[in-house]
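Here is a short report on the empty spaces, the surface and the charged pairs of one protein model. Look at the sequence and the structure first, then read on.

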Amino acid sequence: MQFINNLLLDMELDPKLVEYLSIIIKTLLIGLICIVANFISKKIVIRLITRIVTNSKIKWGQIILEREVFRKLSHIVPAVIIYSFSSTFPTYQSTIEKLAIAYTIIVGLVFIRSLLNVCNDIYQTFEISKVKPIKGYIQVVNIIIMTLGFILVISNLMGKSPLILLSGIGALSAVLMLVFKDSLLGLVAGIQLTSNDMVRVGDWIEMPKYGADGDVIDISLNTVQVQNGDKTITMIPSYALISDSFRNWRGMQGSGGRRIKRSLYIDTSSITFCTEEMIEKFIKVHYLSDYIIQKEREITEYNTKNEIDRNNPVNGRALTNIGVFRAYISNYLKNHDGINQDMPLIVRQLAHSEYGLPLEIYVFTNSVQWAVYESVQSDIFDHLFAVAPEFGLRVFQNPSGADVRKMAEESSNKALSGERSY
């Protein structure tokens, strides 16, 4: 760029003014070259590469374009140009070269980070990514590369060897351990979670301590993101999944059935032996006819064989309404379209409590979808609550305000009728 100086001197200008003007003109000219080069790289080269990648239908081309890998790399062009023209300013050449190199390193770090993100995005297109995610490892590599890049930038600006800074960092290892404590814990936890297959993206987990109850949507170095049923996002530290307990519903989701375990509380005062009228009524019930016929035959044979006097209902064997109801529930569930017949199906009595006699239904639906599961469960208990009175049974519940008012009205009516009769 010596011709600029010569051109200004030929104009017979003051030498000092020529010096300043030449610096300004050279700076503007280099800036203009940088702008033009940046424009060419972004508007022409990048568009050309984008068109080639799009038309070639490369499998992962769209991921590379979305991450703007080539666009970030194009920022290195102005730095190269400035470095090449640094000799134009001999006084500031060393400083300009250092700044250009530092900028080049920073652009390189951004490019490498973007490239690592592309690798993670491509990896997530494979099914194995749900079982063994690598996002945590990529974040560790990012931290290492960014740390080394920072050291290179500082050593370049100071004009010292990077080994000197590395030796100084070795002395600060205790401080670094404290600063990167969560990252180191997250790295160890991520390795354990992955190697032991404790949690995957897509798993439904419960962790009440952190208010998490939903699907895992992301596993990173420091956190595991869980989308709850209400679509809120809960962030759980990765190491918490190792140190604390949590429930993973993956086993249920892969089993093909989800468990229903719920009880009906029967008022014990409504439990009684079956009368002849009740047996005649039950034998006409579709799910009970075979059971009643078989049980009546067994009971009659037993009582006859042992010469039991059935005038007293306490003697011998007899059907009870709670036993018949339990058999009805069992047969009803065996014929229900929403119940998985290949998994355990149990209707049992639990220990009596102040709320009555628990009659527990323990079965599995044939669908693990939440909405289907709740629908099947509700249908079953809708039916059982409605049919219980047909067996002479009452489902227990604490007295409500309506019950208290009804009792008061009945008591008042009895008192009034007593006064009238008097």
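A pocket here is an open set of grid points with protein on both sides within 12 Å along at least five of seven lines, and its lining residues have an atom within 4 Å of a point. Domain bounds come from an automatic or database domain assignment. The model itself is predicted.

## The largest pocket

Where does the largest pocket lie? Domain 2 (168-249) and domain 3 (258-403) both give residues to its lining, so the largest pocket lies between them. Its volume is about 370 Å³.

The lining of the largest pocket counts 16 residues. Nearest the centre are Trp204, Gly214, Asp215, Gly229 and Trp370. Several elements give two or more residues each: strand 1 (204-207), strand 2 (212-219), strand 3 (223-228), helix 13 (250-255) and helix 17 (370-387). Strand 2 has the largest share, with three residues. Sorted by class, the lining of the largest pocket holds six charged, five polar and five nonpolar residues.

## The second largest pocket

The second largest pocket has a volume of about 300 Å³. It is lined by 14 residues. Cys274, Glu276, Ile279, Arg310 and Ala318 are the closest to its centre.

Two or more lining residues come from each of helix 14 (276-282) and helix 15 (289-305). Helix 15 gives the most to this second largest pocket, four residues. The classes in its lining are seven nonpolar, three polar and four charged.

## The cavity

How many cavities of 30 Å³ or more does the count give? The count comes to one. About 120 Å³ of space lies in the largest cavity. Its lining is made up of Pro133, Gly136, Tyr137, Gly186, Leu187, Gly190, Ile191, Leu193, Thr194, Ile219, Ser220 and Leu221.

Helix 8 (135-158) and helix 11 (181-195) are the elements that give two or more residues to the lining of the largest cavity. Helix 11 gives the most, six residues. Domain 1 (1-160) and domain 2 (168-249) each supply at least three residues to the lining of the largest cavity. By class, this lining has seven nonpolar and five polar residues, and no charged ones.

## Salt bridges

Side chains of opposite charge can pair when their charged atoms come close. How many salt bridges does the count give? There are six salt bridges.

One salt bridge joins the side chains of Asp203 and Arg250, at 2.8 Å from N to O. Asp203 sits in the loop between helix 11 and strand 1, and Arg250 sits in helix 13, so the pair ties together parts that are 47 residues apart in sequence. Helix 11 also appears in the lining of the largest cavity. Strand 1 and helix 13 also appear in the lining of the largest pocket.

## A nonpolar patch on the surface

The surface carries a nonpolar patch. Leu29, Leu32, Val36, Phe39, Ile40, Ile44 and Val45 form this patch. Together they have about 580 Å² of accessible area. One of these residues, Phe39, lies in helix 2 (residues 15-56).

Methods
Residues are numbered from 1 along each chain as its sequence is written. This is a predicted model: local features need pLDDT of at least 70, side-chain atom pairs count only at pLDDT 80 or more; totals for chains, interfaces and linings use all residues. Side-chain values use heavy atoms; hydrogens and water are left out. Patches are made of residues with over 30% relative accessible area and no salt bridge: like charges are joined within 9 Å, nonpolar side chains (Val, Leu, Ile, Met, Phe, Trp, Tyr) within 5 Å. Accessible areas come from the Shrake-Rupley method with a 1.4 Å probe; for residues, only the protein chains shown count as cover. A salt bridge is a side-chain nitrogen of Lys or Arg within 4 Å of a carboxyl oxygen of Asp or Glu. On a 1 Å grid over the protein atoms alone, a cavity is a set of points where a 1.4 Å probe fits but cannot get out, and a pocket is an open set with protein on both sides within 12 Å along at least five of seven lines; lining residues have an atom within 4 Å of a point. Grid points are joined across faces, edges and corners, and a volume is the space filled by probe spheres set on the points. Ala, Val, Leu, Ile, Met, Phe, Trp, Tyr, Cys and Pro count as nonpolar, Asp, Glu, Lys and Arg as charged, and the others, Gly among them, as polar.
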